[in-house]
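Hi,

Here is the structure I promised to pass on. Have a look through it first, and my notes on what turned up follow underneath.

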Amino acid sequence: PAEQLQHLQELFSSTVQEHTQLLAQVQGATLEPPELESRLGSLISRFQLYLREARAVCTQSWARFHPLRMVGGCILVATSCLLCYVASELATSSDSFYRSCLLYPLLWGLLGTALLGIAHIFTQEGLDLLLVLSWAAAASQMGFFWHWWGRHPKRARLAGSQPPLASSGLRQRLQAWLGLAFPMGILFFRCGAMFSDSFVVAEARVTPFLLASLVMLLVGKLHWDGRLTVPESPKQQLPGFSSYRREIWYLLCLVAALLVCVRLSGFFHQCREEIPQCRPSLFLSPLASLRSTRAKNLFYLLCVALLAGLVFAVRSWLRHYGNLNSSDPLVLFVRWGFPLLVLCIACYWAVASSTEDSLGKLQELVQVAVVAFPWAVYGLVSVGLLLLLCNPMTVFAKDTRESAGSIVTPYLGVPGSEVDFLHVIPQIYKRMQESQKSWLERGSCRATVAAYGLGSVYSAALVIALTLLGFLLMLLHSERMSFAFLLLFLEAFVLLHIHTCAKGLAGDAEPFSVPWYTVISWLLAASQFFYSTGHQPIFPAIHWNAAFVGFYLDHSTNLLPALLVGANTFASQILFAVGSPLLLLWPFVCEMSNLQKKKPRKESQEEMQEVEEHMMEMRLRESPEKFSTALLQLGLKYLFVLGTQLLACVCAAMILRRHLMVWKVFAPKFLFESLGFVVSSICLLLGISLVMRVDCAVSTWLSQLRLR
């Protein structure tokens, strides 16, 4: 309350002023000891009075709730989740979806906000910003559901006039519902666990179990649908291993690798004080805490080797798909900036892990290095991200009219002999004929360009961005937590391949759609690695030392340390949210989708197959509207799963507000889940925005190519 707060401020100000006067008199030696003791006692009593009254006000506020606002907030979050689900299902149904169901409701919300603000101004009442924003969100949601309901009865009448479904159609609908029930059931169990303090305390073990269960259910569903077996011929009647498709073994290896990653991630957990028998992971402590010099050097070499291995893996992947052939600034940065980042992080770890006794006279130099190396990493990461935003193209274009190889094959005989001329001259003449023939076949002097890396240009930008963010986040953690980040990248890679393989086995007719099980498994992995990077949803488990990476002793502002601590805490949410567009792009990169088309004539079949082999992500450019709709649908599904988890935490905190463990378990969980939702939503928008930026760059590049 404002009156009590003003009283506390006046009491505190007067007490501090009296303390300042007393301190000045003590320094001036104008007080006798008896008078000093009495005034000190009076000052202490006034400070204690302030603390007692402040505690009484806080206790009164903590025990007072606003049930009406709580219910309104729960309804608002629930309708937001419903909006995301409905919009994700409607995104592909109509071309006018953006205007009728997204743009117009947004304008309604802004109009409602303006009207409420004007009403508050004319009535001269205090403007409750939270209430105004809530009404604006409610108005926009009402506009969305109004437009949706206006189209819904038409579909219902059309469906009612149709004849009953056949058995095959009923089976397909049943399979679709079961395909949705499995991942939604896992999500329901995940949300139901939020209402139990025991499950919240043990969530570090619950989330990996749910992730493994979802993946195993996916394999079981594929087997139930008959996607893992080949159609049996009349001669082959005995069931056996030969009846299974070859891809099943690849899928089972991926599932086994995922289970291994899930198991190994349990070695990096932080403990809660509610579990007294738990022992925190040894990997959470920095290398400077190790007493054994041999163990410290061994772990240091392993951590540096891990960084170098990550750079090697990323560069190998980019080189494999042809994204390291050009001489653009971004490609040059990947070639030389990534090793420089590893060098700076390795030097910082070497300096930070050394003990003060072993430094001697180099103490001042070490203090400079502890600040300089992290700032070098910050600078390099910022430069890399700026280059990625300015020119995200990693494509190398080459005119196919140019010679692709040597004109003649080397002659291994005696040089200068007559046989040498007989070997060289026919090859030169043949090469001239081939060049002239290819020139005439093209029909004009316009060049045919071979673009290296164009088929993976979207994924390459995301992989580069994730690598830069990974280096930054590893810097903010202790040295040995780099093993946890290795598992994070490896598990994400395995999940992408499981999604691609399952989509290829299922023969999905919608290549532009990401299934629900993929989105839920991706977010379960993000929650899993929140705990596997040494965090817990409690305040004592926050890594406050991340605020001083690159700073010595103090900060001039609270904003920068808050960003550093937040990046350290929500590292897994940041990486998985930024990399979420890979769920859409990865099947195109791997070319696992089986295109079941009618075979063309034999003459053109090979040419068509050759073109399709090199299309990859350029298939997204064939239908730009479907591409943008798929990105929107992916973002809405991601927000739906995030919002459902947040809704469960909100409802748990509201229903259990009188619970004994509310301030120990449910309230901190609600705060961490809310902050994680905000961070994930922002990073999701950044990841989708990066894909859109690459798409604009590809359009510009293609338009410039046509002008040649």
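Leaving out residues up to four places away in sequence, His497 touches Tyr250, Leu254, Trp586 and Cys590, where contact means heavy atoms within 4.5 Å. His497 sits in helix 15, which covers residues 482-506. With a relative accessibility of 14%, His497 counts as buried; the cut-offs are under 20% relative accessible area for buried, over 50% for exposed and partly exposed in between, using a 1.4 Å probe and protein chains only.

Before going further, a word on where this comes from: it is a predicted model, with local features needing pLDDT of at least 70 and side-chain atom pairs counted only at pLDDT 80 or more, while totals for chains, interfaces and linings use all residues. Residues are numbered from 1 along each chain as its sequence is written, and side-chain values use heavy atoms, with hydrogens and water left out.

Back to helix 15. Which residues bring it together with helix 19? The two helices pack at an angle of about 65°, with their axes 9 Å apart. (Axes are lines fitted to C-alpha atoms, for helices over the stretch in contact, and angles run from 0 to 180 degrees between N-to-C directions.) On the helix 15 side the contact is made by Phe493, Leu496, His497, His499, Thr500 and Lys503, and on the helix 19 side by Leu582, Leu583, Trp586, Pro587 and Cys590. The crossing of helix 15 and helix 19 is right-handed; that label applies if the near helix is turned clockwise from the far one by less than a right angle, and left-handed if anticlockwise.

Helix 19 (residues 582-590) also packs against helix 14 (residues 457-476), at an angle of about 125° and with the axes 9 Å apart. Helix 14 and helix 19 are therefore oblique to each other; for reference, angles under 35 degrees count as roughly parallel, over 145 as roughly antiparallel, 65 to 115 as roughly perpendicular and the rest as oblique. This crossing of helix 14 and helix 19 is left-handed. Tyr458, Ser459, Leu462 and Leu466 of helix 14 meet Leu582, Leu585 and Val589 of helix 19.

Leu466 is worth clicking on. It lies in helix 14 and counts as buried, at 12% relative accessibility. Neighbours within four places in sequence aside, Leu466 is in contact with Phe489, Leu575, Val578, Gly579 and Leu582. Leu466 and Val578 are 112 residues apart along the chain, yet their C-alpha atoms are separated by 7.3 Å.

Now the chain as a whole. It has 23 helices and two strands, taken as DSSP runs numbered from the N terminus (H or I, at least four residues, for helices; E, at least two, for strands). Of the 708 residues in the protein chain, 41% are buried. Among contacts between residues at least 6 apart in sequence, 81% join residues at least 24 apart. The accessible surface comes to about 39,900 Å², and 66% of that belongs to carbon and sulfur atoms; areas are from the Shrake-Rupley method with a 1.4 Å probe, and for residues only the protein chains shown count as cover.

At the N-terminal end, helix 1 (residues 2-27) packs on helix 2 (residues 33-62) at an angle of about 160°, with their axes 10 Å apart. That makes helix 1 roughly antiparallel to helix 2. Their crossing is left-handed.

Helix 3 (residues 67-90) has 24 residues, which should span 34 Å at 1.5 Å a residue, and its end C-alpha atoms are indeed 34 Å apart. (The expected span is 1.5 Å times one less than the number of residues.) Its buried residues are Cys74, Cys81, Leu83, Cys84, Val86, Ala87, Ser88 and Leu90. Leu82, also in helix 3, is partly exposed, with a relative accessible area of 43%. The C-alpha atoms of Leu82 and Phe640 are separated by 7.7 Å, with their positions 558 residues apart along the chain.

How many residues of helix 16 are buried? The count is 17 of the 17, so helix 16 is largely enclosed by the rest of the structure. Helix 16 is followed by Gly534, whose phi is positive, near 85°.

Finally, Leu705 is in helix 23 (residues 662-706) and counts as partly exposed at 22% relative accessibility.

Cheers
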